[in-house]
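Reader: Please take one part of this model and go through it closely. I would like to follow how the strands are joined and what packs against them.

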Amino acid sequence: MHYFLGPLARPVTYSRWLHLLIPSAVVSVWLFISMDTPWMPCLFAVPVGLLPGFRLAEGLQAQLLLTPAERGRPGASISATPAATWAERWRTVAWLEVRLLLAAAAGFATVWLPATTFDLIGAAFGARPTTDWLTEVLPGRWLCALLAPVPLLLLLGVVVLCGEVATAAARGLLGPSPTERMTALEERTQLLLERNRIARELHDSIGHALTIAVVQAGAARTADSPEFTARALAAIEETGRTALEDLERVLRVLREPDLPVGGRPTLVDAGRLLDSARDSGVIIDVDMVGSLDLLPGPVSREGYRILQESLTNVLRHAGTVPVRVRIAVVGTRLDLEVTNPLVGSSRGRGGGSGLRGMRERAALLGGRARTGPHKGEWIVHASLPLDHIR
């Protein structure tokens, strides 16, 4: 029972009914003008449907009345854009023809079926029906009274059926073309990639700053030295200021997505990153080969974040241990390696979003990043190609 009565409780059923009655009014006006040419509205729909802007008008109306739940949502099944190709124009013409036929059926049922109900009710009370066939088919008043609701039920069935057919036709004929679907998919993919990148940026930048602050604060608390405490507070202040700048930059990109990415730190700024780690008590041995100034922007930016996350993991999992950093521009690739002794909890850091983020950064550039223990040490090694980035 719910299957049959459910559509009657949905507001969209009646908005679709209105959508069907709009062109039926046009058909009725034309039939009033010329009963001999009922096909003229279908003929007139051809040049009208070929107008590019008419597809936009039909799409907006269909979204509003046929699929109101999808209106304004990305990936709507009915698009509201002007026709860009002749194929879309002819699809609009086909849609208008289907809509006129459905409107004629729904309009006829809307007028004729309620009139039949009134005739049946009148016949039940002894009035003469306006149509002679009722007198011939239904001679008894009691039978007229019993069948009086039937035309109204048929009307609701016609409305629901025509509404479903109209919606399916609109989705097929006014829906996005394969090109539009591909464009929407590409935009969605770009949005997801951008969100993923911003999540990695925040994780690496804020995570690094908090790790430095925690290590510095812990060291200052146990050092019992005013000079060391002052240096630790200065390092915490500088790290916090840098993190705030990174956070503001990321939030600015979220507010204004068209901003360039030129403000992001690169490997040219690696000295500041290394100094921050040294201020936390880490002894760093750095080996740099080649000129970092000549690196392509994407490689230099992602290399900086990989180095930042590597140093953050050292402080978080191994503490103030000796670290070897090698940054080498070799031929057509950038090699970045960070090595530190395995101590304590650092033996269990086999996963986590930071390590996954490093691998994702390298993969996006066509390179690879390997992390894991080797001969009593923890090694992060990233190899990023340069030739296809320039």
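**The sheet and its two helices**

Author: Seven bridges connect strand β2 with strand β3 (residues 333-341), and the two run antiparallel. This is a predicted model, and the description below starts from that pair.

Within the pair, valine 325 has valine 338 in β3 as its bridge partner. The hairpin of β2 and β3 has two residues between the strands, and glycine 331 there takes a positive phi near 60°.

On its other pairing, β2 (residues 323-330) meets strand β1 (residues 284-289) in the parallel sense, over six bridges. Aspartate 285 stands opposite arginine 324 in β2. Likewise, arginine 326 in β2 is the bridge partner of aspartate 287. To get from β1 to β2, the chain passes through helix α12 (residues 297-318), and this β-α-β crossover is left-handed.

These strands belong to an open sheet of five, with the order β1-β2-β3-β5-β4 and mixed pairing. The edges are held by β1 and β4 (368-374), each with a single partner strand, so one side of each has no neighbour in the sheet. On average, neighbouring strands of this sheet are turned by 10° against each other, direction ignored.

Two helices pack on the sheet. Helix α11 touches β1 and β2, and its direction makes about 165° with that of β1. Helix α12 touches β1, β2, β3 and β5 (377-385), and its direction makes about 5° with that of β3. The helix of the crossover from β1 to β2 is thus also one that packs on the sheet.

The two helices also pack on each other. Two packed helices are described by the angle between their axes and the distance between the axes. For α11 (residues 270-279) and α12, the angle is about 5° and the axes are 11 Å apart. Angles under 35 degrees count as roughly parallel, and α11 is therefore roughly parallel to α12.

From α11, the contact is made by Ala270, Arg272, Leu273, Leu274 and Ala277; from α12, by Tyr304, Leu307, Gln308 and Leu311. By type, the residues of this contact divide into seven nonpolar, one polar and one charged.

In short, β2 pairs with β1 in the parallel sense and with β3 in the antiparallel sense, while α11 and α12 both pack on the sheet.

Terms used
Residues numbered from 1 in each chain as written. Predicted model: local features only at pLDDT ≥ 70, side-chain atom pairs only at ≥ 80, totals over all residues. Heavy atoms only, no water. Pairing = 2+ DSSP bridges. Helix = DSSP H or I, 4+ residues; strand = E, 2+ residues; numbered from the N terminus. Right-handed = clockwise from strand over helix to strand, strands pointing away. Axes fitted to C-alpha atoms, helices over the stretch in contact; angles between N-to-C directions. Parallel < 35°, antiparallel > 145°, perpendicular 65-115°, else oblique. Contact = heavy atoms within 4.5 Å. Nonpolar A, V, L, I, M, F, W, Y, C, P; charged D, E, K, R; others polar.
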